[in-house]
Amino acid sequence: MDLRIFTEPQQGASYDTLLTVAKTAEDLGFDAFFRSDHYLVMGDRDGLPGPTDAWITLAGLARETSRITLGTLMTAGTFRLPGVLAIQVAQVDQMSGGRIEFGIGAGWYEAEHTAYGIPFPQDRLARLEEQLAVVTGLWKTPVGQTFDFEGTYYTLKDSPALPKPAQAKVPVLIGGMGAKRTPALAARYADEFNVPFASVEDSGRQIGLVRAAVQAAGREADDLVYSNALVAAVGKDDAEVARRAAAIGREVDELKANGLAGSPAEVVDKIGRYAEQGATRFYVQILDLEDLDHLELISSQVSSQVG
């Protein structure tokens, strides 16, 4: 079972902070370092020093780490044209020696689009479907051949479909709680499906919908990895749990109900309940990026029991 570190830098983090967390995660044996793709703080934090771009961040980390997998939960489809995005991800995969995983979603946070002058169309899921077709189509086009695509939103003609990623196939992550279109997209394009911030019961239902859609598309349901993203506040004792919850502006009881919070034993038990619903990978959301002891505790007391 994989435990991955997942960060939300729009809440306030410099590149140097992210580099420290990523290298610490690598040194502690975590499977991957992922980050969100947002340009605007959420809630009542100041967000200083300001947003960092997901793919520029990952390009830097690609050169300053050596083992850990790097990726996004999720790249916002509204931020980038699909042809440009295919180039960016392929280049960062080359820079990392083939350690990139590509999570992409439709984009949802309208305020950040308004704040930075980014269009926020109403037909984002339909656009996402075409974006997936373009990005994956460009990557799998053999060298020396060209790629054409004519859709409602994007048209490509005689594209050389370069550069190629270092990996023969970059893993694609799709996630969400949609009941029909999201599972259908996952069935067609995904190597992994992520359930974001859901209860054990809701997670089980969503994984069931996706497994059924995958089978209906003619694939084996177990072709996909099923994962959860959950906020963490783990402590050696109640006082430490309370301190970590307060540091991110959350209540302990709420975190225990909706995330991975409590003692290491409580968190191991909670992970087991999600695993019973089919999850084999967990994105542990760390919101206080200065608290590196938190990562060490999760590594030594949680990962050691579920790995």
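## From a buried arginine to the pockets

The side chain of Arg-4 makes a polar contact of 2.6 Å with the side chain of Asp-31. This is a predicted model. Arg-4 sits in strand S1, residues 2-7. Is Arg-4 buried or exposed? Its relative accessibility is 1%, so Arg-4 counts as buried. Leaving out residues up to four places away in sequence, Arg-4 touches Asp-31, Ala-32, Phe-34, Thr-69, Glu-101, Glu-192, Arg-281, Phe-282, Tyr-283 and Val-284.

One of those contacts, Phe-282, leads to the aromatic residues. How many aromatic pairs does the whole structure hold? A search finds seven. Phe-102 and Trp-139 make an edge-to-face pair, with 5.6 Å from centre to centre and 75° between the planes. This pair joins distant parts of the chain. Phe-102 belongs to strand S5 (residues 100-105) and Trp-139 to helix H5 (residues 124-140), and the two are 37 residues apart. Why does Phe-102 count as buried? Its relative accessibility is 1%, and buried means under 20%. Trp-139 counts as buried too, because its relative accessibility is 12%. Phe-282 pairs with Tyr-274, again edge-to-face, at 6.3 Å between centres and 75° between the planes. Both Tyr-274 and Phe-282 are buried. Elsewhere, Tyr-39, Phe-79 and Tyr-116 form one aromatic cluster.

Now the enclosed space. There are two cavities of 30 Å³ or more. The largest has a volume of about 60 Å³. Which residues line the largest cavity? They are Ala-232, Arg-244, Ala-247, Ile-248, Ile-286, Leu-287, Asp-288, Asp-291 and His-294. By class, this lining has five nonpolar, one polar and three charged residues.

The second largest cavity has a volume of about 40 Å³. Leu-3, Ala-232, Val-234, Leu-260, Val-267, Ile-271, Val-284, Ile-298 and Val-302 line it. Ala-232 thus appears in the lining of the largest cavity and in that of the second largest. Val-284 is also among the contacts of Arg-4. Strand S10 (225-234), helix H10 (264-275) and helix H11 (292-306) each give at least two residues to the lining of the second largest cavity. Its residues fall into nine nonpolar, no polar and no charged.

The open spaces come next. The largest pocket holds about 1000 Å³ of space. Its lining counts 41 residues, and Glu-8, His-38, Trp-108, Pro-196 and Phe-197 lie nearest its centre. Which elements give two or more residues to this lining? They are strand S4 (75-76), S5, H5, strand S8 (172-175), helix H6 (181-189), strand S9 (192-196), S10 and helix H9 (252-258). S5 and H5 also carry the Phe-102 and Trp-139 pair. The lining divides into 19 nonpolar, 16 polar and six charged residues.

The second largest pocket holds about 300 Å³. It is lined by 14 residues, with Thr-136, Gly-137, Lys-140, Lys-169 and Tyr-189 nearest its centre. H5 and H6 are the elements that give two or more residues to this lining. Which element gives the most? H5 does, with five residues. By class, the lining of the second largest pocket has seven nonpolar, two polar and five charged residues.

Note on methods. Residues are numbered from 1 along each chain as its sequence is written. This is a predicted model: local features need pLDDT of at least 70, side-chain atom pairs count only at pLDDT 80 or more; totals for chains, interfaces and linings use all residues. Side-chain values use heavy atoms; hydrogens and water are left out. On a 1 Å grid over the protein atoms alone, a cavity is a set of points where a 1.4 Å probe fits but cannot get out, and a pocket is an open set with protein on both sides within 12 Å along at least five of seven lines; lining residues have an atom within 4 Å of a point. Grid points are joined across faces, edges and corners, and a volume is the space filled by probe spheres set on the points. Ala, Val, Leu, Ile, Met, Phe, Trp, Tyr, Cys and Pro count as nonpolar, Asp, Glu, Lys and Arg as charged, and the others, Gly among them, as polar. Helices (H or I, at least four residues) and strands (E, at least two) are DSSP runs, numbered from the N terminus. Rings of Phe, Tyr and Trp (its six-membered ring) pair if their centres lie within 6.5 Å; planes under 30 degrees apart count as stacked, over 60 as edge-to-face and the rest as tilted. Buried means under 20% relative accessible area, exposed over 50%, partly exposed in between (1.4 Å probe, protein chains only). A polar contact is a pair of N or O atoms within 3.5 Å; within protein, one must be able to donate a hydrogen and the other to accept it, and residues adjacent in sequence count only if both atoms are side-chain atoms. Contact means heavy atoms within 4.5 Å.
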